[in-house]
Amino acid sequence: MAFDIDMIKKVYASMAERVDKAREIVGKPLTLSEKILYSHLWDGNPTEAFTRGKDYVDFAPDRIACQDATAQMALLQFMQAGKPKVAVPTTVHCDHLIQAKSGAKADLKMANNTSAEVFDFLESVSNKYGIGFWKPGAGIIHQVVLENYAFPGGMMIGTDSHTVNAGGLGMVAIGVGGADAVDVMAGMAWELKFPKLIGVRLTGTISGWTAPKDVILKVAEILTAKGGTGAIVEYFGSGAKSLSCTGKGTICNMGAEIGATTSTFGYDDSMGRYLRATDRADVADAADQVKEYLTADTEVYANPEDYFDQVIDIDLSKLSPLLNGPFTPDLSTPAGAEMTTKATENEWPLQVEWGLIGSCTNSSYEDLSRASSIAQQALDKGIKMKSELGINPGSEQVRFTAERDGILGVFEKLDAKIFTNACGPCIGQWARYNDPKNAPKNSIVHSFNRNFAKRADGNPNTHAFVASPELTAAIAVAGRLDFNPVTDTLINENGEEVKFDEPTGWELPPKGFEVEDAGFLAPDEDGSDVEVIVSESSERLQLLEPFTPIADSELKGVKLLIKAFGKCTTDHISMAGPWLRFRGHLDNISNNCLIGAVNAYNHKTNFVKNQIDGEYGGVPDTQRAYKAAGIKTIVVGDHNYGEGSSREHAAMEPRHLGVAAVLVKSFARIHETNLKKQGMLGLTFENESDYDLIQEDDTFDFIDIADFAPGKPLTIEVTHADGNTDTIIANHTYNEAQIAWYREGSALNVIKRENAA
């Protein structure tokens, strides 16, 4: 039986009335995305039609999921909210703090030793506040959510950008910062700008070497890394119905790489099959009763151009296996000859050193079974592995079942390393090098979602390419980036020319799923007596102190901390990898603040000018000097600033160190919200060319900050070292409530005040 079945049935019980009312108010048929959004309004039944991309709307999500790296800060904030228990079903999943090195057993033992303090903290906080706790080794958050909690037509938020994976089961699932999650945990509304809608019509069927992963790799090529910003991507058509549920999850998962708010599919038979296979027949039965409300109205998919802001057509029958990368998830290349040309022109290493299969994107039973069919062929045809191979199963249920069915044994016969059921290399938790900064130039192929520089192994010279699990397996065997298994042959150990057959696999395990210990701990019914201890001397955990409001007077004489050049993701602002151990200690993790951002004036990282003494130094050190001198600073950036992970540390660290404002050409959605939540100014250039006016020794005066109001741009006077000035107009998207967050120091300060009233 499903977790929280009564909550799910309650959602379905009100859905018809709310959707019917929304259709009446909007005055036209509704997309699936609109049905879910309008049926989850904070105020209940819809009373007005909202303007896409403009209106801020209060929603009531059904549940929350947090991974261990982000849960620390989220729960440290929740502890300040003054609530005895979370208001909606919430879970914590320990999947980020397990480093991949020697193999599953040894790596899990090491993680339990080195991160015991953090795991114990998360377990005790979860127990105290009524939160479900998934132990280290239980699995990757998004695979576990898909197997246990996701349900068609639901709305959930999660403190990880790939929360969107649950769209594979027909949810509107959205990645947020921890402060957003705290709002909902505390029983308050969750605010979101009503998204625009992108429709992707899938026709034809996938076959041969093409996989669901290739669908999203193609969409990323079309829309680019920022093309989905502020929009929900809704997939539909005969091709969508032909995909498995976990295949749909893969597509939705990587929607985070195009900046989409989330992605989703309408409820269909594949979702019903998956629900029943994962012991949730009760959810499938309930969904079947309201299935017409769990997909778009018929007219929408018949004439999508009339209902979506943008429509993309993809014929799955014509799709070919793709590799996206390096260094960005939207640079797409068909496998084979075109890769040879492109790699040669760009000096990408053609030899592949590692193939990695897993992550929250591609670690299902189906993914492992299809990849293992390639591994089995390598054994049967006598093909020697040319690369190393690593496997991260998505959950203990997937791992146990795959081991039972011999799938993991096939990989092991090729000397693959079976890592823990955890994120591992996908989020930089990979002990590949002793000295990653000075590691050699190389190429790897993986079935993950992100491939920014240094993302997997800390090596800036690693060229990471994203592909499907089956293509990753084939390229790992061949050892060449430009290998095309559709057309190319290999020479086996007998000197014979051999060719891979098409991959095969199972949508669901033929013998059903099985697991001995899934790794779940339910909380006490009454956690009031549970004590949560955080040592004052801890290097890993630190109780939070409320941020103080930024006074208008402090926005005179603001200094430039850094003008970031080019791509500046949350990995650049707050690196993961070895820094994950400090995710619960704000002051310690602030020592990685913006150390990956490239300084526009010298094109170096972590090397900026201190205007107090004229010396150059690291970004955190320089910022701490400004803070000690009582000087506020500003960060200037390019397009899509804050792209990538939902980590709110990328907002909390600058705030903690004394940065007052971030001024950029454009923001990634989650990061802009995180800045607002922490009481900072997140601003955009009205004229993007003004970015070029900013000089290294500039001082900024916020002329009209006292009149900060919705819809009114701010005026900034920039004084250069030579005494000349420029006036810059800065736009913003703050509404009244968000301005209140800024004026009171943070959104959490507002929650505390309201709870104390």
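This tour visits selected parts of the model in turn, stating what to select and what is found there.

The structure is a predicted model, in which local features need pLDDT of at least 70 and side-chain atom pairs count only at pLDDT 80 or more, while totals for chains, interfaces and linings use all residues. Residues are numbered from 1 along each chain as its sequence is written, and side-chain values use heavy atoms, with hydrogens and water left out.

**Strand S2 and its partners**

Begin by selecting strand S2, residues 63–67. Helices (H or I, at least four residues) and strands (E, at least two) are DSSP runs, numbered from the N terminus. Five of the five residues of S2 are buried, where buried means under 20% relative accessible area, exposed over 50% and partly exposed in between (1.4 Å probe, protein chains only). In a regular strand the side chains alternate between the two faces of the sheet. Show the side chains of S2: Arg63, Ala65 and Gln67 point one way, Ile64 and Cys66 the other.

Next, add strand S5 (residues 155–158), which pairs with S2 in the parallel sense over three bridges; two strands pair if DSSP finds at least two bridges between them. Ala65 has Gly158 of S5 as its bridge partner. Then add strand S3 (residues 90–93), which runs parallel to S2 and is joined to it by four bridges. Here Val92 of S3 stands opposite Cys66. Including helix H3 (residues 68–78) completes a right-handed β-α-β unit of S2, H3 and S3. A crossover is right-handed if, with the strands pointing away from the viewer, the path from the first strand over the helix to the second runs clockwise.

**Aromatic pairs**

Rings of Phe, Tyr and Trp (its six-membered ring) pair if their centres lie within 6.5 Å; planes under 30 degrees apart count as stacked, over 60 as edge-to-face and the rest as tilted. The count by this rule is 25 aromatic pairs. Select Phe59 and Trp190: the ring centres are 6.4 Å apart and the planes stand at 45°, so this pair is tilted. Phe59 belongs to strand S1 (residues 56–59) and Trp190 to strand S7 (residues 190–193), so the pair links distant parts of the chain, 131 residues apart. Phe59 is buried at 0% relative accessibility, and Trp190 is buried at 1%.

Move to Phe483 and Phe500, an edge-to-face pair at 6.3 Å centre to centre with 75° between the planes. Phe483 lies in the loop between helix H18 (469–478) and strand S19 (490–491), and Phe500 in the loop between strand S20 (497–498) and strand S21 (520–521), so the pair ties together parts 17 residues apart in sequence. Phe483 is buried at 5% relative accessibility, and Phe500 is buried with a relative accessible area of 3%.

**Phe327 and His572**

Select Phe327, in the loop between strand S12 (322–324) and strand S13 (332–334). Phe327 is partly exposed, with a relative accessible area of 28%. Leaving aside neighbours within four places in sequence, its contacts (heavy atoms within 4.5 Å) include Phe452, His463 and Lys567.

Finish at His572, in helix H19 (residues 570–573). His572 is buried, with a relative accessible area of 17%. Beyond residues up to four places away in sequence, His572 touches Lys567, Leu594, Ile595, Gly596 and Ala597.
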